[in-house]
Amino acid sequence: MSTHEEGSSRKKTKSVYVSTVISIALVLLMTGLLGLILVHAKNLSKYVKENIVLNIIVNDNVNEGDVLAMQKDIEKDPYVLRTEYISKELAAKNLKEDLGEDFVEYLGHNPLLPSIDVYLKEQYANTDSIQTFIQKASKNSRVKEVVFQESLIDMVNKNIRIIGMVVLAFTVVLLIIAVALINNTIRLAIYSQRFLIKSMQLIGATKNFIRKPYLFYGIFHGLLGALIAILLLIFTLQFAQKQIPDLVFLRDWYEFGAIFLIVVALGILISGFSTYFAVTKYLKAKSHSLYR
């Protein structure tokens, strides 16, 4: 082979490898983005459920000390995440801000009752668990009533289930597509090397000896594509949080780290296995079939 032909072959090989890495990176980027959407959806679900409030209305004749003692008892309940005491004065202040006028001055007295706002843990933010909690709370003689929006809770849980199923279905489909695309990209890259593979085999090189460099490059390209995808994912996260500052409440770098590790593992495993099977295919192929 002439020097010109060798140079041309090397350029072609480099071009194939570069396009392979870019293709792997783009596919892994889409997979990683869906993973981040899953994490944000999960954290959003948790945030919404943990901010569903139950209002425990206290009888007017109960002094503040007893109400605070009752609040501490409620906080010990395994269902409860946190509580907040709302005095008559604070309730009047909040309502005044909502109405835009001083209703206490108009009525001549404050008709509102003190209350305790209860926020349940995520796993107990459902109608059955809430009803169980209300039954326990209602047995206390200091409690006048427990108020909560049952329709809102049912709607939240129903919508979260639907969104979860849709996102999960998309994840499975995209993962299958990612495997297929990366596999096809690598098979095309190895296809361009089929004559070299067969030539090495014909001069006596063992199958493992031939496979080894291709496997190394396959794994390396998968890792490189994954790292590029992770850099793009981090950039996307930073950009999204600048555009939507409230996303910071859903940020969990431990879960993001797990997504990044999955992206790396997918890049290495899919690239490694695809390279192995592609090279093996041409090692088993007859010489005349290489021209097809």
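This report walks through a predicted model of one protein chain, looking at its confidence, a few of its helices and some chosen residues.

## How confident is the model?

Let's start with the predictor's own scores. The chain has a mean pLDDT of 81, and 90% of its residues reach 70 or more. Residues 1-9 are another matter, with a pLDDT below 50. Beyond near neighbours in sequence, that stretch has one contact in the model.

## Helix α7 and its two partners

Now find helix α7, which covers residues 194-202, and helix α8, which covers residues 207-243. Their axes are 9 Å apart, and the two helices pack at an angle of about 150 degrees. Because an angle over 145 degrees counts as roughly antiparallel, α7 is described as roughly antiparallel to α8. The crossing of this pair is right-handed. To see where they meet, look for Leu196, Ile197, Met200 and Gln201 on the α7 side. On the α8 side, the residues are Lys207, Phe209, Ile210 and Tyr214.

Helix α7 also packs against helix α9, residues 253-284, with the axes 9 Å apart. Here the angle is about 60 degrees, so α7 is oblique to α9. This crossing, too, is right-handed. From α7, the residues Arg194, Ile197, Lys198 and Gln201 meet Val279, Tyr282 and Leu283 of α9. Ile197 and Gln201 take part in both meetings, touching α8 as well as α9.

## Thr206, in the loop

Between α7 and α8 there is a loop, and Thr206 sits in it. Is Thr206 buried, partly exposed or exposed? With a relative accessible area of 48%, Thr206 is partly exposed, since the exposed class begins over 50%.

The side chain of Thr206 reaches the backbone nitrogen of Phe209, at 3.2 Å. Phe209 is also one of the α8 residues that meet α7. For a sense of scale, try picking out Thr206 and Ala91: their C-alpha atoms are separated by 82 Å, and the two residues are 115 apart along the chain.

## Two buried residues: His40 and Gln241

His40 belongs to helix α1, which spans residues 3-49. His40 counts as buried because its relative accessibility is 13%, and buried means under 20%. Which backbone atom does the side chain of His40 reach? The partner is the backbone oxygen of Leu36, at 2.8 Å. Leaving aside neighbours within four places in sequence, His40 is in contact with Leu237, Leu247, Leu250 and Phe256.

Gln241 is found in helix α8. This residue is buried as well, with a relative accessible area of 11%. Once neighbours within four places in sequence are set aside, Gln241 is in contact with Leu247 and Arg251. Leu247 therefore links the two stories: this leucine is a contact of Gln241 and also of His40, both of which are buried under the 20% cut-off.

## Leu175, in helix α6

Our last stop is Leu175, in helix α6, which runs over residues 150-191. At 36% relative accessibility, Leu175 counts as partly exposed. Not counting residues up to four places away in sequence, Leu175 touches Thr31 and Leu266.

You can also compare positions along the chain with positions in space. Leu175 and Lys49 are 126 residues apart along the chain, and their C-alpha atoms are separated by 29 Å.

Note on methods:
Residues are numbered from 1 along each chain as its sequence is written. This is a predicted model: local features need pLDDT of at least 70, side-chain atom pairs count only at pLDDT 80 or more; totals for chains, interfaces and linings use all residues. Side-chain values use heavy atoms; hydrogens and water are left out. pLDDT is the predictor's confidence in each residue, from 0 to 100. Contact means heavy atoms within 4.5 Å. Helices (H or I, at least four residues) and strands (E, at least two) are DSSP runs, numbered from the N terminus. Buried means under 20% relative accessible area, exposed over 50%, partly exposed in between (1.4 Å probe, protein chains only). A polar contact is a pair of N or O atoms within 3.5 Å; within protein, one must be able to donate a hydrogen and the other to accept it, and residues adjacent in sequence count only if both atoms are side-chain atoms. Axes are lines fitted to C-alpha atoms, for helices over the stretch in contact, and angles run from 0 to 180 degrees between N-to-C directions. Angles under 35 degrees count as roughly parallel, over 145 as roughly antiparallel, 65 to 115 as roughly perpendicular and the rest as oblique. A crossing is left-handed if the near helix is turned anticlockwise from the far one by less than a right angle, and right-handed if clockwise.
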